[in-house]
Amino acid sequence: MQVFVSAVGFGLVTAALLAICAVGFTLQFSVTNVLNLAFGSVMTGSGFIAYGLNIGGMNIWLAMVIAALCGGVISVLMNSLLYGPFIRHGTNLFGMVIVTISTAVISDHVIEAAVGPSFFSYNAPSGRALHFLDFLLTRQDLTIIGIAVAVTFATQLALQRTRVGKSMRGLSVNASLARACGIPTRRIVALAWFASGVMAGLGGVALFIETSTFSATTGSDFLIVTIAAAVVGGIGSARGAVLGALVIGIVTEVGAAYWDPQLKDVLAFAVLIVVLLVRPQGLFSQLATERAVVG
Amino acid sequence: MSAATQYYTITIVVYVCANVIAAWGLDLQFGVTGVLNFAFIIFQAVGAYTAGVLSLGPSSSSGGFQTYLFGANLPFPLPIIGATLAGGALAAVVGLITLRRLRSDYQAMVMLVVSVVATIVVTAETGLFNGAAGLSLIPNPMQGIAGLSRQTQSWIFTAFCVALMIAIGAVMYAIVYSPHGRVLRAVRENEHALEALGRSATRARIEVFVIGGALAGLSGALLVEFIGAWAPNGWLYPETFVFFTAVIVGGRGSVAGVAIGAALIGVGIQQAVQYMPIGSDPTVLAAVEWIITGALTLVFLWARPQGLLPERRRRFARSVDVAPR
């Protein structure tokens, strides 16, 4: 029992990391329908910005906030300088997947050429370990879980209650109708990219804090598990992303405790396959067909 | 030719042949039919591993040096045939799970996950193919020919690769430009119209998935028989991207174009990087290789999405004459 409970505790931390990333990934995807495989590169980029600040003596949490804002800016620039022009040039849904994967390959290797093949770690004490029932979590873990809860609630509230959020939902259902109704499409799309980039930044730094060592490909490697979580939940749904993150996070960590820890990501994949066999559109998604890209 | 030049030539030719064969496999899937197989590299890997264990002999004979499944000592063409079948069989399994009910953007994402999981499993389960260290000391397939130097044996293997590539090229032409090839292109262009005509797009997708997987397996076998080793580091998921670039640069759906693309991207860039004034740090060299590959993809998608040698568009004469008024 104790093993199980502490594994669930680790699962919550993994789920928190996954939730931050999956909500950001899926929010942008639902608005623009661009499958942004360079999301992981934004995570890594932000993670290294935070590393630079942290090495310079800044507190890691402050560095995280600044890096997240940088992530947002990078993400907006990526859309306005690269993806947007490609979409207006006539590149379709699948062409855009190739565009984003090319972007990921280029950015990851630019980072790698800059920092080298070695592993890095932040200068951040993980804090006193706190016992709660059989959970064993550090202050860092709890902060990251708190960030994840805040990010997902804020996103959900914004989507439900604010004008911008409603515009985003409108865009994700029918882009041309939204445009015809006077929704400033370009601005809303840019905002979606910014929000997604901020979450990539937060998720990237949080991931790097938790993994304690990181390299130029850590972000993109984590993106694969993030995608699994987002797809399980039903891509495009923020609620689904959180649920997917919880399922994947807890299943993988509990599996790691009882089975081979090296194989924990295989469990994520098993969950993905089972869910997709039963419900091909994911748990929460309504759409069973793909739509056109929005730039 | 000096021995070194000969070795260099042989290496380049074998790599080009293997890359071209694999790129044709992906071209059938992505170029002609429009299936985004981001797990393509695992089918090359399964081919390489199969050919490896079928030539190495039983695992116990290595004296605990490496462990792997099965293990047989089959004569020359059999490991390569086995590898081709293994590539096709794995593709059938993966294809039947992923290609039937999923939205095509989900298919692409699931393939990425499949590719990563395959790497994790092969690395962690050392009993499969010797884990992260991989298989090594796979014997030269032509060593059975007595009385010939190693060099001559390599030349014979090279000739075999070239002949195989030409034969497969002929088959590719036969598939792509046949009536069935039109069905495949219709899946890419307008799946709903095709289904309205009573053809199954899913069936066509699974078909090219299996053929492409078999070609990937074959290419892996050629590589492993030549290199003599194969490990998970050589088939990480980004490697698939190189083949996508080859297809895009060469020309989606164009058999000759993709062959040129595969030679340029798979082998050309690597050779070109060696002569660039960027030092000799292996990390930087590899990174520059990847950056060039990614940038070329973007440049081609923007400026010449049809590729270097575009797919031939068949035009039909108007079959119905407009009645004179």
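**Exercise 1.** State which domains the assignment gives for chain B of this predicted model, and describe how they meet.

*Solution.* The domain assignment splits chain B into domain 1 (14–140 + 164–233) and domain 2 (238–311). Taken over C-alpha atoms, the centres of domain 1 of chain B and domain 2 of chain B are 21 Å apart. Next, count the contacts: 22 residues of domain 1 of chain B are in contact with 16 residues of domain 2 of chain B. On the domain 1 side, the elements giving two or more residues are α1 (3–32), α2 (40–56) and α6 (150–176) of chain B. The largest share, twelve residues, comes from α1(B). By class, this side of domain 1 has 16 nonpolar, four polar and two charged residues.

**Exercise 2.** Describe the side of chain B that touches chain A.

*Solution.* Start with the contacts, which join 36 residues of chain B to 38 residues of chain A. Three helices of chain B, α4 (104–124), α10 (239–250) and α12 (282–303), each supply at least two residues of the chain B side. That side divides into 27 nonpolar, six polar and three charged residues.

**Exercise 3.** Check the length of helix α9 (residues 218–233) of chain A, then describe its course and surroundings.

*Solution.* The expected span is 1.5 Å times one less than the number of residues. For the 16 residues of α9(A) this gives 22 Å, and the end C-alpha atoms are 23 Å apart, so the two values agree. The helix α9(A) has a kink of about 25 degrees centred on A:I224. Of its 16 residues, 15 are buried, so α9(A) is largely enclosed by the rest of the structure. After α9(A) comes A:G234, with a positive phi near 100 degrees.

Methods
Residues are numbered from 1 along each chain as its sequence is written. Chains are lettered from A and ligands numbered from 1 in the order in which they are written. This is a predicted model: local features need pLDDT of at least 70, side-chain atom pairs count only at pLDDT 80 or more; totals for chains, interfaces and linings use all residues. Two residues are in contact if their C-beta atoms, placed from the backbone, lie within 7 Å. Helices (H or I, at least four residues) and strands (E, at least two) are DSSP runs, numbered from the N terminus. Ala, Val, Leu, Ile, Met, Phe, Trp, Tyr, Cys and Pro count as nonpolar, Asp, Glu, Lys and Arg as charged, and the others, Gly among them, as polar. Domain bounds come from an automatic or database domain assignment. The bend at a residue is the angle between axes fitted to the seven residues ending there and the seven starting there. A residue is buried if 20 or more other C-beta atoms lie within 10 Å of its own, exposed if 12 or fewer, and partly exposed in between; C-beta atoms are placed from the backbone.
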